[in-house]
Amino acid sequence: MNQVERGACELHEMDELAARQSPIHSLCPLAKLLTTIAYLVTVLSFRKYDLSGVTVMLLYPVLLFQLSGIPVRTCFHKLRFVLPLVMAVGLFNPFFDRQPMLTLGALTLSGGVISMLTLMLKGVFCLMTAFLLMATTSIDALCAALRRLRLSGMPVTLLLLTYRYVGIMAEEAAAMTDAYHLRAPGQRGIRFSAWGSFLGQLLLRSMDRGSELYSGMQLRGFRGEFHYAAMKPWRWSDTVYLTVCVALFLVFRLFHLAQLLGSLLVR
Amino acid sequence: MIEFQNISFAYEKERPVLSNLSFCIREGENVGLIGANGAGKSTVMKVLLGLLKAEGRILVDGTEVTKGSLTEIRRKLGFVLQNSDNQMFMPTVYEDMIFAPLNYGLSRTEAEERVDKALEKLGLQELKHRHNHKISGGEKRMAAIATVLAMEPEVILMDEPTSALDPYNRRIVINTIRSLPQTKIITSHDLDMILDTCDRVILLSGGELAADGPADAILRDRALLEAHRMELPLCLGGARRQG
Ligand SMILES: Nc1ncnc2c1ncn2[C@@H]1O[C@H](COP(=O)(O)OP(=O)(O)O)[C@@H](O)[C@H]1O
Ligand SMILES: [Mg+2]
């Protein structure tokens, strides 16, 4: 399997993770979507020096990993390309903001370092939670939930098609990379001079397949609106899950738990 | 009944792909559309399905294929694409199969019933919840046929249904085709399969109708087939040519 093919495979793996069974998987997608949104809003709302406050929010993804049985490793493996980008966001803060902020024994951290770490954690936590949503909910169920939130059909359909389309493009890219390497033994990657025609071909081929696929859908009566699988009904457990989670987020956000704990321990 | 009246089509202006094609297919017929690579077989299918707009008239049960009648017409025609990967785009076989019935406004229970019926008919119950990317080429082709059966079409169109299949799976697909009661139009250059499944053959060559008649007669006509870049079916001695 070449690298691109592995990429295509990973997309399929998301579908499979989402098809597993666990207490989290069996929740109504809408409940999970709402909880995730609440989580993201809470995490992003922490002030930029509030490192300890943000750290506490780790509790939620950790719990989710536990309950859903999704391996943490899979998560980081899948996010390996995006994580560095997110981490890079705050990288320059330490250079601009040199005000000493926190002293841990001999170590003095400047405001810049603290805000960088805070920003990084925010990014990582948000990604992890978004991943967990995707890994415990199929894309179709998610789209159904979005429709339930009264999002109009068009963007949701587009989202779903894009998701499928990326899969196709990855498959074509994999086939082409194989064909290339079979005739360019020992070469790592694709020679720069071949990039233009490679990308051009890739675009043409995936457009071709995309339009075949789309006509396949039209021929089976598709007229722009998906009939999403019946969403799991909203049950008591969903209400409980949503309420408890949102309440926890509020507590984490409004009360300084780390400090409280700290002062308890010190005393 | 399907009627082609003077159909002409070209992807690019100077290069006609179909020229003045006329024929008529009656209910219950099994028609093999044969011809060398590039003869225009797939194009005929796409024109019939209204995916390409051609000159001339096509009638399906007396209704002309036009933009306005497409929905009604496509409902009657089930098309098995040549590349099953393009047909099966949902995560699981089941989701793919239920796609069409739901689009045609069936309730979920009715749609489910159809899915189960189609799977049972083809003996594929065990594929129902499998992931599309994890089934073999042969299984995928069968699943693609099942998705089309779940539409309960009056006519089944198949583009090269045995291409890229090993002999075992090819045989399964052929037996399946034979067991379907609907009117069928099958394109292929696998003439043995056509001989097994069709009673009438339309021979295309360079986009023109080169012959139209009983499968038995046309597929035995070595001179005719070779004039149009094809060979006798193997079972009729196609392999023993050198002698
Ligand atoms: N999208 C296209 N654009 C331009 N020419 C095409 C396209 N698709 C097919 N053709 C040409 O039309 C002719 C008939 O193609 P097709 O119907 O696919 O043949 P067959 O299915 O019999 O092998 C071929 O010469 C092919 O090169
Ligand atoms: Mg073809």
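Okay, let's start with the ligand: how far does a polar side-chain atom of Ser42(B) lie from an oxygen atom of ligand 1? The distance is 2.7 Å. Before I go on, keep in mind that what you're looking at is a predicted model, so every number today is computed from that model.

Staying with ligand 1 for a minute, the backbone of chain B joins in as well. A polar backbone atom of Lys41(B) sits 2.8 Å from an oxygen atom of the ligand, and for Ala39(B) a backbone N or O atom is 3.3 Å from a ligand oxygen. If you want to click through the residues around ligand 1, there's a run from Ala36(B) through Asn37(B), Gly38(B), Ala39(B), Gly40(B), Lys41(B) and Ser42(B) to Thr43(B). Then, from earlier in chain B, you also have Tyr11(B), Glu12(B), Arg15(B) and Val17(B) around ligand 1.

Right, on to how chain B meets chain A. Here 27 residues of chain B touch 24 residues of chain A. Together the two chains bury about 2,400 Å², and carbon and sulfur atoms give 57% of that. Which three residues of chain B supply the most of the area it buries against chain A? They're Asn86(B), Phe89(B) and Asn103(B), with 24% of chain B's share.

For the charged and polar side of things, there are three salt bridges across this interface. One of them pairs Glu212(A) with Lys46(B), with the closest N and O atoms 3.3 Å apart. On top of that, we find eight residue pairs in polar contact between chain B and chain A, both partners at pLDDT 80 or more.

And which elements of chain B do the touching? The ones giving two or more residues are helix H2 (70-76), helix H3 (84-87) and helix H4 (93-103) of chain B. H4(B) has the largest share, six residues. By class, the chain B side comes out as twelve nonpolar, eight polar and seven charged residues.

Now let's look inside chain A. Chain A splits into domain 1, made of 1-138 plus 232-259, and domain 2, which covers 139-228. So you can see domain 1 is written in two stretches of the chain. Taken over C-alpha atoms, the centres of the two domains are 28 Å apart.

At the place where they meet, 16 residues of domain 1 of chain A contact 17 residues of domain 2 of chain A. The buried area between these domains is about 1,500 Å², with 71% from carbon and sulfur atoms. How many salt bridges are there between domain 1 and domain 2 of chain A? Zero. There are, however, three residue pairs in polar contact across that domain interface, again both at pLDDT 80 or more.

On the domain 1 side, the elements giving two or more residues are helix H1 (3-18), helix H2 (29-45) and helix H8 (111-136) of chain A. H1(A) gives the most, with seven residues. That side of domain 1 has ten nonpolar, four polar and two charged residues.

That's my tour, folks; happy to take questions.

Methods
Residues are numbered from 1 along each chain as its sequence is written. Chains are lettered from A and ligands numbered from 1 in the order in which they are written. This is a predicted model: local features need pLDDT of at least 70, side-chain atom pairs count only at pLDDT 80 or more; totals for chains, interfaces and linings use all residues. Side-chain values use heavy atoms; hydrogens and water are left out. Domain bounds come from an automatic or database domain assignment. Contact means heavy atoms within 4.5 Å. Buried area is the accessible area (1.4 Å probe) that two parts lose on being put together, summed over both. A salt bridge is a side-chain nitrogen of Lys or Arg within 4 Å of a carboxyl oxygen of Asp or Glu. A polar contact is a pair of N or O atoms within 3.5 Å; within protein, one must be able to donate a hydrogen and the other to accept it, and residues adjacent in sequence count only if both atoms are side-chain atoms. Helices (H or I, at least four residues) and strands (E, at least two) are DSSP runs, numbered from the N terminus. Ala, Val, Leu, Ile, Met, Phe, Trp, Tyr, Cys and Pro count as nonpolar, Asp, Glu, Lys and Arg as charged, and the others, Gly among them, as polar. A residue is near a molecule or strand if one of its heavy atoms lies within 4 Å of it.
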